[in-house]
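Subject: Structure handover

Hello,

Here is the structure I promised to pass on. Please open it first, then read the notes below.

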Amino acid sequence: MSGAGGVRIPLPDGGTRLVELRAPRQWADHPGPYASRVAFAAAHVVADPRGENVPGAPAVVDWDSTLAFRRHLFRYGLGVAEAMDTAQRNMGLDWPAVQELVSRSAAQAHELGARIASGAGTDHRSPDELRTVDDVIGAYAEQVEFVEGTGSQVILMASRHLARVATSADDYVRVYDAILSQVREPVVLHWLGEAFDPNLRGYWGSGDVDVATATFVDVVRAHAAKVDGVKVSLLSAAHEVGLRAVLPEGVRLYTGDDFHYPELIRGDGERHSDALLGAFAAVAPAASAALTALDDGDLDRYDAEMAPTLALSRHVFEAPTYYYKTGIAFLAWLSGHQPGFTMVGGLQSARSVVHLARAFELANEARLLPDPDLAAHRLGLVLAAAGIEVGTEVGSATSPAASATAASARADLDEVVA
C-alpha cells in the first residue's frame, strides 16, 4: 500500500492517506545564544528500553541518549529547561532520577558553556508528609538547595502539594515570599495551567484567572530582584499579552504557550515574549532558523520559518494536553535521537497510533525529519505492532545514505518498539 517515496498513514475513519516523503533540509547550526530573545527548550528524558519502565516503577533512564539530545538542543542555540513537565515530572520521573538528571545535565551544560535552568518543586515528598503550608515551604527549600548546588538556574515549579493544602491566596503568597527570599540568584517562576496538570486547578488561590493573576503579579513585584522571568503555561495568548504589560521592568515573560508561540515571541512592536517551550524540543532546527531571522530583523523570514512548526506543535499538544510528552519522545525517535520508542512510566501508550502517524506527517511537512526513510520505517514498526499494516517504501526520495540507514536499522529496532 505504499507510494513512490512515501508512506500511507492510517486515518480515524479506517482509511489511509499517502504521505510523500519530503527531502530533508540542511539546517544551519547556531551554537551561541540569540541576541533578541532568550530561548529554552524543555527537554524529555530517554527511557532505557530494557528497563522496567512500567507505570509506578522507578524510572530507568538511558543517560547517553538523554544527554546527547541536550547536545542536539545546544547545537541550535537553545538553553535547556531541565526536569520540567516535559521530562515527565510528576508523570513517571521520580526524585532520585530527577537528581541524577539535573546533576548530569548541569555538568554537561557548564562544560559546553550552554545555558540550563532546572525545576525545583515539592514532588520528592508524599502528600502525607506535606500537610501544612510550612511543610510545603520546607520541601521547596530542599529542592531549591539541590538545584542551586548543581550550578543550574532554578525554575520554581508549581506544586501539587501547595494546591492541595492552600486555603487562600495568602497561603500562596506566604510560600513564595519565603522561597524567593532565600534563593541565591534570580529564578524563573512557573505558572503551569490545569490543561497541563489538572491537579493545579485554582493555583494562586482562585479559579478566576484574573484574580489569580493579580496575586501572581503581586508576588513578582514584591520580589522582582529575585525573578529573572515568569513562565506562563495557560495557553491563552490574550492573557499573556496582558500579563506582559504589567510585569516589573526587567522581568521576562517566557512563553509556555505551545499553541500561539510564534506571534508571542514575535511581539507587537512594543513588547515580546521570550521562550521556554516543550515544543522547541521537537522543532529545534526550525526554531533556530526563525530566531536567527529575528536577530537579523527579518520578520517575514521569521514568520516563514515558524509557520510550519505551529501545526505540529498544536497537534502534539492537543487535548489531553498533559500527554504531549508522548509526541515529543516519538518525534525524537523518528529523528534518530534515541534507540527506541519507550518512555518512563510506560507513557508511550498515552497517544493512539493514528495520532502518532499524524505527528509524523506534520514533521515531514515541516522538513524536520533528518532521514525521512528511516522515520517512515520506524513509523511502520509502530503501526505493525499495533496491527496496522499500511506499508512503506524507502530509499527513493531523500538522501543517498537513507536506504542503507533504514535497512541497517531494521534488525536492532524491532526489539525496542514498545
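A pocket here is an open set of grid points where a 1.4 Å probe fits, with protein on both sides within 12 Å along at least five of seven lines. Its volume is the space filled by probe spheres set on those points. Please bear in mind that this is a predicted model.

**Pockets**

The second largest pocket has a volume of about 300 Å³. It is lined by 18 residues, and those closest to its centre are G32, P33, G77, A114 and R115. Two elements give two or more residues to this lining: β3 (39-42) and α1. Of these, α1 gives the most, with three residues. By class, the lining has 10 nonpolar, four polar and four charged residues.

The largest pocket holds about 370 Å³ of space. It has 25 lining residues, and W27, Y76, P285, L368 and P370 are the closest to its centre. Helix α1 (63-75) appears here too, among the elements that give two or more residues to the lining. The others are α9 (279-282), α10 (284-295) and α12 (324-334). The lining of the largest pocket divides into 17 nonpolar, five polar and three charged residues.

**Parallel strands**

Next, look at strands β8, β9 and β10. Strand β8 (residues 227-233) pairs with strand β9 (residues 252-255) in the parallel sense, over four bridges. V232 has T255 of β9 as its bridge partner. Helix α7 (residues 237-246) joins β8 and β9 in a right-handed β-α-β unit.

The pattern goes on from β9. Two bridges join β9 to strand β10 (residues 274-277), again in parallel. T255 turns up once more: its bridge partner in β10 is A275. Here helix α8 (residues 261-266) makes a right-handed β-α-β unit with β9 and β10.

**Helix α13**

Last comes helix α13 (residues 353-365). Its 13 residues reach 18 Å from the first C-alpha to the last, close to the 18 Å expected at 1.5 Å a residue. Is this helix enclosed or open? Helix α13 is largely enclosed by the rest of the structure, because 10 of its 13 residues are buried. Buried means under 20% relative accessible area. The buried residues are V353, H355, L356, A357, A359, F360, E361, L362, A363 and N364.

Best wishes

Technical notes
Residues are numbered from 1 along each chain as its sequence is written. This is a predicted model: local features need pLDDT of at least 70, side-chain atom pairs count only at pLDDT 80 or more; totals for chains, interfaces and linings use all residues. Side-chain values use heavy atoms; hydrogens and water are left out. Two strands pair if DSSP finds at least two bridges between them. A crossover is right-handed if, with the strands pointing away from the viewer, the path from the first strand over the helix to the second runs clockwise. On a 1 Å grid over the protein atoms alone, a cavity is a set of points where a 1.4 Å probe fits but cannot get out, and a pocket is an open set with protein on both sides within 12 Å along at least five of seven lines; lining residues have an atom within 4 Å of a point. Ala, Val, Leu, Ile, Met, Phe, Trp, Tyr, Cys and Pro count as nonpolar, Asp, Glu, Lys and Arg as charged, and the others, Gly among them, as polar. The expected span of a helix is 1.5 Å times one less than its number of residues. Buried means under 20% relative accessible area, exposed over 50%, partly exposed in between (1.4 Å probe, protein chains only).
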